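Biologist: Could you take one part of this model, look at it closely, and then work outward from there? I'd like one connected walk rather than a list.

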Amino acid sequence: MLNTPTILLIDDDIDDQEIFTSALAFIDNAISCTIAPNGYEGIMQLNDSDALPDLIFLDLNMPVMNGIQFLREVKAAHKAKDVPVIIFSTASDMKTIEEAKQLGAHDFITKPEKFSELVGLLHGLLFPATR
Amino acid sequence: MTSTPTYASFKFMEGGGELGALIRNYDWASTSIGTPDQWPQSLRTALSIVLNSRFPMFLWWGPDMIQFYNDAYRPSLGIEGKHPAAVGQKGEDCWPEIWHIIKPQIDQVWAGESTWNEDLLVPIYRNGSIEDMYWTFSYSPVKDEEGQVGGILVVCHETTEKRKQGIKIEIAEANYRQLVESLPVAVFTIDANGFINLYNNAARELWGREPAIGKDKWNGSYKMFLTDGTPIAHENGPMAKALRENRDINLEMLIQQPDGKMKHVIAYPEPLHDHEGYVTGAMNVMIDITELKEAEHALRASEELLEKRVHERTAEIKSANFNLQRSNSELEQFAYITSHDLQEPLRKIRTFTEMLESSLGSISSKSKGYLDKIAASSTRMRRLIKDVLHYSRLIAPEETFTRVDLHAVIWQVVDDFELLIREKNAKINIQQLPVIEANPLQINQLFSNLISNALKFNTRDEPAINITVTMLDMDAQLPEGLNPSLSYCLIEFKDNGIGFDQQYAEQIFTIFQRLHTKHEYAGTGIGLALCRKIVLNHHGSITAHSENGEGATFRIILPLKQFQL
């Protein structure tokens, strides 16, 4: 992974956006993170930007376009189809997780209760070598 | 009797067998009519007829009614009776026992009239006693030369035997009539022209009227119908058909009484024949099946009512089932909201609390205490949500029962609690538990909660838990709601813990019901509510028994096999 990875977080929950970005900042202030409040806005951002993010963190339950729909759109033929997508959601049923994996999701993390736990999870994903 | 040969020379006295001889030899000089040579021609002619007739005849002559009779009449007087003294005897002297009967008729004949009597009872002394004899006889006046009635000729015939047969027939017929009359089924007959000539009481009751013998034709009822209500004309009724077509008929029909009341009958008319095979009439036997039909209708109506009730009840159950499914799906919705939406803000409270703590840097112990309380509260809240979710899942249980070895399950649970058991130095005794039809996960939960409780509410140095089992007899007293046709086992969890006041024995099974503050004993107050839910899901019962400080006993009754519909 690059020294300062770029990240796209797609999540409609403002609190979770804050917790997520705080955790990233805790790891490394230089990590650049853009935020989209739903799948549709996420695709718009990917379309508009010249450079693709290194990782996409995707919530599942969102208005307008949910996580599963986003995966279907992007993994089918989008230019960002090779960007690893990590499902970042509350505990969900196995069926939805399986579906997301079938659609090409790279990994799945449950939003943890402890901030320190989130920091650890993200660190592991962004800098696997140092874990 | 020296003059006998003289009488024998009279031509009119010739022949006549035994009586002829007696008359010829009789001493007529001693009678009021004198000797035969003095007799008028009319007497002579009459006597000649009497003596020579093969028909029983008897002759009275003169005012004293001096008697003559012939051989044919002789047997009527029997062996030891009036014969032969009756020859030449006066009528009144000969027949004292019946004189009062025959005297009026005799007087009538003296006046010139003939009489006729048929089968008349005339008791006569013969054969040593008075016998009942029946006679058909005629008294005829015999005119003398002056044209006056000189005597009475009796031409008679004893009909005792014939009459006795007739009486037998009359008695037999009376018996037969009584039999017909007393039959519980309606019987009536018609003659060859269709007129009613006999009917019994049951027929009269069935018709609801008294028919006129020899006037009412074909049937004594008011109106007749086929069972579908089509009217039957009397001349086309079953009786008319049986007579006309000379065949047996069998017809279920309705007859209407004059007051409109309908009777449901089965009629069995059949033609009657004489000894030569000619149809002489018809007989009908009618069985009243009105009450039978009414009972049948009532039965059908009650069957229909029952069926309707079953339908209604089925509809109610369907509706209740629908409501249940709806409430189950609402419950699932609720469970989803609880698990997700309620847990979400809770997760954030915990995360932000942690973030707050780290952003504050070093804080006062007071502030730290508040933060710890927030953390503890949210932990408790999280457990509550988890338990409620668990409980709600039990409300709509999956009814998947398999054979579960309770003994294996209890030991698995004991294994799970191994650490706590060792910490508390607890002793657990377990009897061999049976294999029953159950949901293994739920049974595991049930046993876990009970063991957990027994350990939790125990402050002794050596807590003890005894788990015993009893197979219940078929005649055991079962708690309300259990099915007496199933076999049950009773499993008892007895501990030596703090127990509870028996007045709370029911209350402890209510969700969120706590007998102790959560500072004394941890827990959400859902555990025993879950236990009851699980036992109810298994169509069993659970009760608690205790006295404060005496330990608690939980008695669980579970069916060995689930009831199959």
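Modeller: Let's start with a single pair of residues: Leu121(B) has Tyr134(B) as its bridge partner in S6(B). Keep in mind that this is a predicted model. The pair belongs to a longer match, because strand S3 (117-121) of chain B and strand S6 (residues 134-143) of chain B run antiparallel and are held by three bridges.

Zoom out a little and you get an open sheet of five strands in chain B, ordered S2-S1-S7-S6-S3 with antiparallel pairing. Why do S2 and S3 each have a side without a neighbour in the sheet? Strand S2 (66-69) and strand S3 (117-121) of chain B sit at the edges with a single partner strand each, so one side of each stays free of a sheet neighbour. As for the twist, neighbouring strands here are turned by 30° against each other on average, direction ignored. There's a helix on this sheet too: helix H6 (residues 160-182) of chain B lies across S3, S6 and strand S7 (149-158) of that chain. Relative to S6(B), that helix runs at about 140°.

Further along chain B there's another set of antiparallel strands, with S19(B) in the middle of the story. Strand S18 (residues 464-471) of chain B is joined to S19(B) by seven bridges, and S21(B) pairs with S19(B) in the antiparallel sense, also over seven bridges. Cys489(B) is a handy residue to click on here: in S19(B) it is the bridge partner of Met471(B), and Cys489(B) also stands opposite Leu558(B) in S21(B). Strand S19 (residues 488-495) of chain B has seven of its eight residues buried, so the rest of the structure largely encloses it.

Just follow the chain out of S21 and you reach Gln562(B), in the segment after strand S21 (552-559) of chain B. Is Gln562(B) buried or exposed? Buried, because its relative accessible area is 6%, and the cut-off for that label is under 20%. For a polar side chain, the obvious follow-up is what sits around it. The side chain of Gln562(B) has a polar atom 3.1 Å from the backbone oxygen of His538(B), and there is a polar contact of 2.5 Å between the side chains of Gln562(B) and His539(B). Setting aside neighbours within four places in sequence, Gln562(B) touches Phe401(B) and Glu437(B) as well as those two histidines, His538(B) and His539(B).

Now over to chain A. Strand S3 (residues 55-58) of chain A pairs with S4(A) in the parallel sense over three bridges; within S4(A), Ile87(A) is the bridge partner of Leu58(A). Strand S4 (residues 85-89) of chain A is mostly covered, with five of its five residues buried. In a regular strand, side chains alternate between the two faces of the sheet. Here Val85(A), Ile87(A) and Ser89(A) point one way from S4(A), while Ile86(A) and Phe88(A) point the other way.

Phe88(A) gives us a route to the next spot: its C-alpha atom is 9.8 Å from that of Pro112(A), 24 residues apart along the chain. Pro112(A) lies in the loop between strand S5 (107-110) and helix H5 (115-126) of chain A. This proline is buried, at a relative accessible area of 8%. Leaving aside neighbours within four places in sequence, Pro112(A) contacts Glu117(A), Leu118(A) and Leu121(A), plus Arg347(B) and Thr351(B) from the other chain.

That brings us to the interface. In total, 15 residues of chain A are in contact with 10 residues of chain B. The two chains bury about 1200 Å² between them, 50% of it on carbon and sulfur atoms. On the chain A side, Ile19(A), Glu113(A) and Phe115(A) lose the most area to chain B, together 49% of what that side buries. Glu113(A) also forms a salt bridge with Arg350(B), with the closest N and O atoms 2.1 Å apart. The count of salt bridges between the chains is five, and seven residue pairs are in polar contact across the interface, both at pLDDT 80 or more. As for elements, helix H1 (14-27) and H5 of chain A are the ones giving two or more residues to the side that touches chain B. H1(A) gives the most, with five residues.

Terms used: Residues are numbered from 1 along each chain as its sequence is written. Chains are lettered from A and ligands numbered from 1 in the order in which they are written. This is a predicted model: local features need pLDDT of at least 70, side-chain atom pairs count only at pLDDT 80 or more; totals for chains, interfaces and linings use all residues. Side-chain values use heavy atoms; hydrogens and water are left out. Helices (H or I, at least four residues) and strands (E, at least two) are DSSP runs, numbered from the N terminus. Buried means under 20% relative accessible area, exposed over 50%, partly exposed in between (1.4 Å probe, protein chains only). Contact means heavy atoms within 4.5 Å. Two strands pair if DSSP finds at least two bridges between them. Axes are lines fitted to C-alpha atoms, for helices over the stretch in contact, and angles run from 0 to 180 degrees between N-to-C directions. A polar contact is a pair of N or O atoms within 3.5 Å; within protein, one must be able to donate a hydrogen and the other to accept it, and residues adjacent in sequence count only if both atoms are side-chain atoms. Buried area is the accessible area (1.4 Å probe) that two parts lose on being put together, summed over both. A salt bridge is a side-chain nitrogen of Lys or Arg within 4 Å of a carboxyl oxygen of Asp or Glu.
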